[in-house]
Amino acid sequence: MAPRKAGERDMLESFYSVIALVFILVACVELCDAATVVDVYRLIQYDISGVPFGSRLAALNHHAGSLQFAPGADLSRTVVIIPVRELNMSFVKEYIVQRQPLGGLLFLLPQMFNFDNRDGMGIYHQNHGKELLRNVMVELEQLLIHANIPYPVYFAFEDSDIDAVLADINKNDAIGQPATATTGGFKLVVSAPEPKKLALPTITNIQGWLPGLKSDGDASQLPTIAIVASYDTFGAAPALSVGSDSNGSGIVALLEIARLFSLLYSNPKTRGRYNLLFGLTSGGPYNYNGTQKWLRSLDQRLRESIDYAICLNSIGSWDNELWIHVSKPPENAYIKQIFEGFSNVAEELGFKVGLKHKKINISNPRVAWEHEQFSRLRVTAATLSELFTAPELMERTGGFVDSRHFVNETAIIRSIKLVAESLARHVYGHQGKNIQIFSDKSSLAVNPSYIQLWLDLLSRTPRVAPFLSKNDPLVMALKKELEDHTAEVNVQHELLDGMFTFYDLTKARLNIYQVASVTFDLLLLLVLGSYLIVLFSFLVITTRGLDELFSLFRRPPSRKVKTA
């Protein structure tokens, strides 16, 4: 009988152990079933001359809250989730400008600003409601990138999962039950190390060359015309800064102009007596630092041979007028020649070109336009742009709203025709003549498909220097494209100006957990504790008897101290 009773006891112990394990697993499944994982994009972190800007932290582990919080609530350990559609700028300014304590911020961006979302592309710029939303996002972005924020700030795109989470958070906050350690709720967790400085940040310039045709016995150097566009961007979230207009439109225009002139220059009979220099420069948002380094690296004779340079900047979102920005006075003979050439072609194409003069202050290190780097070296240059005034430092260079949705392909095509025709008339001596070299029905027509493909690629490729490596696929693609249309393509790697310091960790994974309240935890602990006590008592009774169980709770007899 003894072996049988021992087997029954073992079987009972195993049975109850399995029940306990199943109970615990069910409880854990219920707790973890509500977890959601979301891609999030961190607010940029950088320094200018040692002054900190942007978000200074990356790790996140706080409860989630909404804009429905009660007045005077302590948000020092709360991550406030804010849909941009419902943005309250006064709240954001209060907590950022006045540096109110906050656990973190998570901004939800509309899907229309997601470069992976192609639905309805190209129509949003005509919608007044979307235009208002765009203006709000521009204001928000400028506030964030110029502030020093001591907590994590992330961006995510609206989707069904995060919308459902936010709905529950709004409901709880509205009835006065915000998420806390006591009440439970949702918890946002980003596991990330401390952001580190990018060591030796580099920028890359790409140069292509179309040599002109010299006449027999002509030993003098041919004059050169330079076409330049800065290709990188800057925005509140580096992983989202694609800059479709600034300066994706300028890059596309330069590549198409290089393709058109390569067709002309491939035949000695139609090759002009001008060299054409194409430059894709980096460091545009940072005082056009790459342009400066590229120009200083050029051979002095080549630099002196430049008749003039045309810089292309933001030419993909305009209706009826473009602007030519110059540093030399409008009365200058070279400036007059450039402006008249562009004005005549623009008039034939059915729009206007204005001239805007801004004198350079040599003592001021700030460079407003790319052509100013040329002007500082006494090279005649101009910038063609839809912008009437120059943006401030690190502004309007590829933020959230500079997406594919707001770029007009027709505007880019018209800009390309303007520049190509103006340059061709200058190269071939047809100024003032109504001659269409790049006619729509000719073999030299602008290719809309080529423009669309490159614009699509650039509109889904973040290009914030120095997060682009030397061998980044985009850099290699731009180099190969210039090699297909030009000769003597050179790539130049330079260190970014030391006054700019950047930090890593631009993208992360956000885990959203639905955590139980302390009441639930205590109840679970009580149930498990009661079960263990009952199980222990049962096992003791069945193995050693009831008296043994009672003996465990009796006070042990006191030991008398023996005296000598």
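Helices here are DSSP runs of H or I spanning at least four residues, numbered from the N terminus. In this predicted model, that numbering helps with the largest pocket, where α3 supplies the biggest share of the lining, 7 residues.

The largest pocket has a volume of about 400 Å³ and is lined by 26 residues. Two elements give two or more residues each to that lining, namely α3 (128-145) and α5 (244-265). Nearest the centre of the pocket sit R134, V138, R396, V401 and D402. As for chemistry, the lining is a mix of 8 nonpolar, 10 polar and 8 charged residues. Both domain 1 (33-193 + 506-515) and domain 2 (203-213 + 220-495) chip in, with at least three residues from each.

Next comes the second largest pocket, at about 250 Å³. Its walls are made by S327, K328, P329, K359, I360, I362, S375, R376 and R378, a set that splits into 3 nonpolar, 2 polar and 4 charged residues.

Turning to enclosed space, the structure has 7 cavities of 30 Å³ or more. The largest cavity comes in at about 120 Å³ and has 17 lining residues, with Y288, A368, P391, E395 and T397 closest to its centre. Sorted by class, that lining holds 8 nonpolar, 5 polar and 4 charged residues. The second largest cavity takes up about 70 Å³. Y288 and T397 turn up again in its lining, along with S230, D232, S246, N247, G284, P285 and N313. Here the tally is 2 nonpolar, 6 polar and 1 charged.

Conventions. Residues are numbered from 1 along each chain as its sequence is written. This is a predicted model: local features need pLDDT of at least 70, side-chain atom pairs count only at pLDDT 80 or more; totals for chains, interfaces and linings use all residues. Side-chain values use heavy atoms; hydrogens and water are left out. On a 1 Å grid over the protein atoms alone, a cavity is a set of points where a 1.4 Å probe fits but cannot get out, and a pocket is an open set with protein on both sides within 12 Å along at least five of seven lines; lining residues have an atom within 4 Å of a point. Grid points are joined across faces, edges and corners, and a volume is the space filled by probe spheres set on the points. Ala, Val, Leu, Ile, Met, Phe, Trp, Tyr, Cys and Pro count as nonpolar, Asp, Glu, Lys and Arg as charged, and the others, Gly among them, as polar. Domain bounds come from an automatic or database domain assignment.
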